[in-house]
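This briefing concerns the charged side-chain pairs and the cysteines of one protein. Please consult the sequence and the structure shown below while reading.

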Amino acid sequence: MAEGQNIPRAGTIIFTDLTVDGADEARDFYKKVIGWEHSDLSMGEYDDYVMTAPGGEGVAGICHQAGANQGLPPVWLVYFGVADLQASLEACRTNGGKVHTEPKEAIGPGSYAVIEYPAGSFCALSQL
């Protein structure tokens, strides 16, 4: 995080993104429907997108089903901050959930993993 930015609290929503085939089309759809703009986020050989509100504040990401994002579910994925990612993943497993991705390095501080609630909803956990 840049100096002067607040570190999110554990237990709060810290970001949301959508990972799909056809990220360019999804980007354009949400720009038209919501009124977002975007900036490119280099992933090396391709760009993902930081969707921004009028005025430039980053509010969401739209990502290609490629590279580090390969295999993520094609849903709006909410990232919740946690204090201890390994302990949260163990609690997920113990309580009937599934861990879909083992911890990966985040763009920015920390690491994240994708889990599934026993009834089928997905979210990501990000260690702060």
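**Salt bridges and cysteines**

Aspartate 28 and arginine 27 are joined through their side chains in a salt bridge, with an N to O distance of 2.9 Å. The model is predicted, and it holds three salt bridges. The count of disulfides is zero.

**The network around arginine 27**

- Arginine 27 also forms a salt bridge with aspartate 24, where the closest N and O atoms are 3.9 Å apart.
- Because arginine 27 and aspartate 24 lie three residues apart in helix 1 (residues 23-34), about one helical turn separates them.
- Asp24, Arg27 and Asp28 are thus linked in a network of salt bridges.
- Within this network, arginine 27 is buried at a relative accessible area of 14%, whereas aspartate 24 is partly exposed at 32% and aspartate 28 is partly exposed at 30%.

**The pair of glutamate 102 and arginine 93**

- A salt bridge connects the side chains of glutamate 102 and arginine 93, at 2.9 Å from N to O.
- Glutamate 102 is partly exposed, its relative accessible area being 46%.
- Arginine 93 is likewise partly exposed, with a value of 37%.

**Cysteines**

- A disulfide requires two cysteine sulfur atoms within 2.5 Å, and by this rule the count is zero.
- Cysteine 63 takes part in no disulfide, and the nearest cysteine sulfur, belonging to cysteine 123, is 16 Å away.
- Cysteine 63 is buried, with a relative accessible area of 8%.
- Cysteine 92 is also in no disulfide; the nearest cysteine sulfur, again that of cysteine 123, is 7.8 Å away.
- Cysteine 92 counts as buried, at 10% relative accessibility.

Terms used. Residues numbered from 1 in each chain as written. Predicted model: local features only at pLDDT ≥ 70, side-chain atom pairs only at ≥ 80, totals over all residues. Heavy atoms only, no water. Buried < 20%, exposed > 50% of the residue type's maximum accessible area, 1.4 Å probe, protein only. Salt bridge = Lys/Arg side-chain N within 4 Å of Asp/Glu carboxyl O. Helix = DSSP H or I, 4+ residues; strand = E, 2+ residues; numbered from the N terminus.
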